[in-house]
Amino acid sequence: LVDAGVAAPGRLLGADPSPARRAALRRLTIHAAGSNVALARASEILLLAVKPQEMPAVLREIAPALSPAQLVISIAAGRSTRWIERRLPVRVPVVRAMPNMPAQIGQGITVLCRGRAARPAHVAAARAIFRALGETLELPERHFHAVTALSGSGPAYVFSLMEAMLAAGRRLKVPAAALERLVRHTVLGSAQLAACTGEPPAVLRARVTSKGGTTEAALRTFERSGVQAGVVAGIRAAARRSAQLEATA
């Protein structure tokens, strides 16, 4: 947030139960609040970056300190805006965010949805925060189980493909140092090409696939092995699991 110019260091506050992490906050010139309640009282925008199972206790603690003049943003998986709103004072605006792992290097995508009391200005404030981590997108909350399955879990699917490519390269006796570079840059370059051209993956795939060539041989093997069907089934399973977790929250 500081590097992206979203907030000056002196405007940021944080709280954490760990003394070591509080010290880390101070090293980043972020004020370490003495408690969650003190932090809640002092904040215009409160970002709830806690584990889903810890959320009920945290909300019980901070709810008396909040008012409709503040904005609450949650990145907790499996906790809907309505679930959060029921545990806060009436009309406190809530925005839910689902970032993903590449946010660690400013290349993520964060999907936002607004609660019943949140207004366009609240979403704009959330967008400003998460643009420091990459792209942002607003969708209705009914899509969040699919979002979890696609972008939230999605980096793991890419890493799984990379693992398979590395395994194949090892079987083909490619030197280890060269193999890692080949796989990493093939995946990175392909994603950047898709982003730069804006063309559908099917069109780009067809351009690489010559009739009777090596790529076609690989893709036909993938099809016989059910790779694409397995990916689709896996993502649908992730979406179902997200819905189950939220239903039992």
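Helix H10 (residues 214-225) has 12 residues, which at 1.5 Å a residue should span 16 Å, and its end C-alpha atoms are 17 Å apart, so the two values agree. This is a predicted model. The points below cover the end of H10 and what follows, an open sheet of five strands, a pair of packed helices and the cysteines.

**H10 and what follows**

- Just after H10 comes Gly 226, which takes a positive phi of about 75°.
- Val 227 belongs to helix H11, which covers residues 227-247.
- Val 227 has a relative accessible area of 38%, so Val 227 is partly exposed, because that class lies between the limits of 20% and 50%.
- Val 227 and Ala 42 are 185 residues apart along the chain, and their C-alpha atoms are separated by 51 Å.

**The sheet**

- Five strands form an open sheet in the order E3-E4-E5-E6-E7, and their pairing is mixed.
- Strand E3 (45-48) and strand E7 (134-138) are the edge strands, since each pairs on one side only.
- On average, neighbouring strands of this sheet are turned by 25° against each other, with direction ignored.
- E3 pairs with strand E4 (residues 71-74) in the parallel sense, over four bridges.
- Within this pair, Ile 45 stands opposite Leu 71 in E4.

**Helices on the sheet**

- Helix H3 (residues 55-62) packs on the sheet and touches E3 and E4.
- The direction of H3 makes about 155° with that of E3.
- Helix H5 (residues 120-130) lies across E3, E4, strand E5 (94-98), strand E6 (108-114) and E7.
- H5 runs at about 165° to E6.

**Side chains in the strands**

- In a regular strand, side chains alternate between the two faces of the sheet.
- E3 has a covered face with Leu 46 and Leu 48, and an uncovered face with Ile 45 and Leu 47.
- Thr 110 is found in strand E6.
- Thr 110 is buried, because its relative accessible area of 1% is under 20%.
- Leaving aside neighbours within four places in sequence, Thr 110 is in contact with Ala 97, Met 98, Pro 99, Phe 130, Glu 135, Thr 136 and Leu 137.

**The H7 and H8 pair**

- Helix H7 (residues 154-171) and helix H8 (residues 176-197) pack at an angle of about 145°.
- The axes of H7 and H8 are 10 Å apart, and the crossing is right-handed.
- From H7, the contact is made by Val 158, Met 162, Met 165, Leu 166, Gly 169 and Arg 170.
- From H8, the contact is made by Leu 179, Glu 180, Val 183, Arg 184, Thr 186 and Val 187.

**Cysteines**

- The count of disulfides comes to zero, where a disulfide is a pair of cysteine sulfur atoms within 2.5 Å.
- Cys 113 has 2% relative accessibility, so Cys 113 counts as buried, the limit being under 20%.
- Cys 196 has a relative accessible area of 71%, so Cys 196 is exposed, the limit being over 50%.

Notes: Residues are numbered from 1 along each chain as its sequence is written. This is a predicted model: local features need pLDDT of at least 70, side-chain atom pairs count only at pLDDT 80 or more; totals for chains, interfaces and linings use all residues. Side-chain values use heavy atoms; hydrogens and water are left out. Two strands pair if DSSP finds at least two bridges between them. Helices (H or I, at least four residues) and strands (E, at least two) are DSSP runs, numbered from the N terminus. Axes are lines fitted to C-alpha atoms, for helices over the stretch in contact, and angles run from 0 to 180 degrees between N-to-C directions. Contact means heavy atoms within 4.5 Å. Buried means under 20% relative accessible area, exposed over 50%, partly exposed in between (1.4 Å probe, protein chains only). The expected span of a helix is 1.5 Å times one less than its number of residues. A crossing is left-handed if the near helix is turned anticlockwise from the far one by less than a right angle, and right-handed if clockwise.
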